[in-house]
Amino acid sequence: MTDSKVKAIFIGGTGRSGTTVLGKILNKHNQIYCFPQEIRFITDPDGLLSLQNSLVNDWSKFHSDFGMTRFICLMDHLRIKYKGRYPNHGLSDLVTQEFYDSWVKDFTNELIGHSFKSGWAARVNIFNKSLIKILGKNAITEKFLNNSFYCPPLSLEDFEKKACKFILNFFHQAAILNNSKMVIEHTPSNLLHFGFILNMIPNAKLIHIYRDPRDVICSYKTKDWGSSDIGENANWIKDVLNQWELKKRSLHSSSFLELSFEELIFSFESKMKTICEFLEISFDDKFKDVDLSHHNIDRWKKDLDADEKVILNEKFSDLVDLYGY
């Protein structure tokens with residue numbers, strides 16, 4: 001059962017902008033539990049965002065089949081650490097494996113009308129196709145085919161209702177296990193997809209934490225998921241922030257709060273009190289227990305060479321002015 005009293009809070013940004021550290025700070029509050037890892041299944045490719053497209057916006061038998069297959073695969077990859085394409089994620093550890101398995105099964109069973117062995121073009125290879133052509137589709141040849149899912153089309157309202165229950169059940173279980181009333185999720189892409197989240201969870205709130213994009217670039221350079229080209233990384237960050245500026249126009253100002261990483265570091269208590277007011281919680285002195293001394297503010301001034309600085313100052317000229325750098 002979904003507990004509507006569980007408050008769902010999302011932190012978003014460009015990545016490397018302070019989303020994780022802000023989550024660690026807020027996790028010190030006795031009413032808050034912040035997931036120690038990004039949960040991924042809402043906004044990542046093949047997550048709920050993609051599933052909505054397959055079951056609602058662009059439904060067909062084939063789109064819904066592949067959408068559901070990919071969603072189940074994603075949830076399996078996220079289940080246990082060191083397995084699959086998300087080796088650093090182990091979401092079942094956050095809510096117990098027993099809960100995780102039944103939670104995913106209940107949700108997918110609610111969406112799947114029936115399953116069957118399919119010989120559709122995109123699900124077979126030349127061996128499968130030849131076997132069926134020679135022997136026909138029967139109990140023997142079906143053993144060589146994969147399961148296909150038939151998922152009936154859903155209205156947007158129905159999907160959002162089911163997805164809301166799915167998300168909040170996960171948050172509720174985490175809240176119970178950690179004796180908390182508020183659960184925080186800090187996947188950076190929450191920023192771009194907060195409208196999608198808000199449609200499912202109308203009382204959700206977002207904190208957008210941003211930092212000097214030139215410092216973000218320096219951090220991107222150290223990560224294996226970033227480009228080795230500084231201009232390509234700059235385009236990525238610029239596009240994320242420009243998309244956010246467009247998307248936030250359709251959001252009510254009471255649903256999100258924006259602050260800079262630099263403000264959090266240099267005006268810590270003041271900014272944390274602003275966040276507490278936004279979240280309707282009291283300030284907790286335990287917030288100060290998180291070490292913020294290794295902040296790397298203005299790292300770009302010493303880490304980048306003259307040519308790189310020129311490139312970034314040109315690409316980020318509008319953003320530097322917009323965000324006050």
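Is arginine 79 buried or exposed? In this predicted model, arginine 79 comes out as buried, at a relative accessible area of 17%. That is a handy place to start, since this residue also takes part in one of the charged pairs described further down. First, though, the sheet.

The sheet is an open one, built from five strands in the order β2-β5-β1-β6-β7, with parallel pairing. Its edges are β2 (32–34) and β7, each of which pairs on one side only. Going from one strand to the next, the twist averages 20°. As general background, strands of a sheet pair through backbone hydrogen bonds, either parallel or antiparallel.

Strand β6 gives a good look at how this sheet is put together. On one flank, β6 pairs with β1 (residues 7–12) in the parallel sense, over four bridges, and here isoleucine 9 stands opposite lysine 205 of β6. Five bridges join β6 to β7 (residues 256–260), again running parallel, and leucine 257 in β7 is the bridge partner of isoleucine 207. As for cover, β6 spans residues 205–210, and six of its six residues are buried. In a regular strand the side chains alternate between the two faces of the sheet. In β6, Lys205, Ile207 and Ile209 point one way, while Leu206, His208 and Tyr210 point the other way, and all of them are buried. Helix α1 (residues 19–26) lies across β1, β2, β5 (182–185) and β6, and runs at about 145° to β1.

Next, the nonpolar packing. The largest nonpolar core counts 71 residues, and those with the most contacts inside it are Phe10, Phe41, Ile42, Leu48, Phe170 and Phe171. Helix α7 supplies the largest share of this core, 10 residues. Leucine 48 makes a nice close-up: setting aside neighbours within four places in sequence, leucine 48 is in contact with Phe41, Ile42, Phe71, Phe107, Phe159, Ala163, Phe166, Ile167 and Phe196. Two of the names on that list, Phe41 and Ile42, also appear among the core residues with the most contacts. There is also a second, separate core of 28 residues, which includes Val21, Cys34, Ile207 and Ile209. Ile207 and Ile209 are the β6 residues already met above, pointing one way from that strand together with Lys205.

On to the charges. Side chains of opposite charge can pair when their charged atoms come close. The model has 18 salt bridges. One of them brings together the side chains of arginine 70 and aspartate 46, at 3.2 Å from N to O. This pair links distant parts of the chain, with arginine 70 in helix α3 (residues 61–79) and aspartate 46 in the loop between β2 and α2 (48–57), 24 residues apart. Arginine 70 is partly exposed, with a relative accessible area of 35%, and aspartate 46 is partly exposed too, at 27%.

Back to arginine 79, which forms a salt bridge with aspartate 101, the closest N and O atoms being 2.7 Å apart. Here too distant parts of the chain are linked: arginine 79 sits in helix α3 and aspartate 101 in helix α5 (residues 97–111), 22 residues apart. The two partners differ in cover, as arginine 79 is buried, whereas aspartate 101 is partly exposed at 34% relative accessible area.

Helix α5 takes part in another such link. Glutamate 110 forms a salt bridge with lysine 162, with 3.0 Å between the closest N and O atoms. Lysine 162 belongs to helix α7 (residues 156–177) and glutamate 110 to helix α5, so this pair ties together parts that are 52 residues apart in sequence. Glutamate 110 counts as partly exposed, at 42% relative accessibility. Elsewhere, salt bridges that share partners join Glu269, Lys273, Asp285 and Lys288 into one network.

Last, the cysteines. The disulfide count comes to zero. Why is cysteine 73 not bonded to cysteine 151? The closest cysteine sulfur to that of cysteine 73 is the one in cysteine 151, and because the gap is 15 Å, the two are too far apart for a bond; the cut-off is 2.5 Å. Seen from the other end, cysteine 151 is in no disulfide, and the nearest cysteine sulfur is that of cysteine 73. As for their surroundings, cysteine 73 is partly exposed at 37% relative accessibility, while cysteine 151 is buried, with a relative accessible area of 0%.

Key. Residues numbered from 1 in each chain as written. Predicted model: local features only at pLDDT ≥ 70, side-chain atom pairs only at ≥ 80, totals over all residues. Heavy atoms only, no water. Buried < 20%, exposed > 50% of the residue type's maximum accessible area, 1.4 Å probe, protein only. Helix = DSSP H or I, 4+ residues; strand = E, 2+ residues; numbered from the N terminus. Pairing = 2+ DSSP bridges. Axes fitted to C-alpha atoms, helices over the stretch in contact; angles between N-to-C directions. Contact = heavy atoms within 4.5 Å. Salt bridge = Lys/Arg side-chain N within 4 Å of Asp/Glu carboxyl O. Core = buried A, V, L, I, M, F, W, Y, C linked by side-chain atoms within 4.5 Å.
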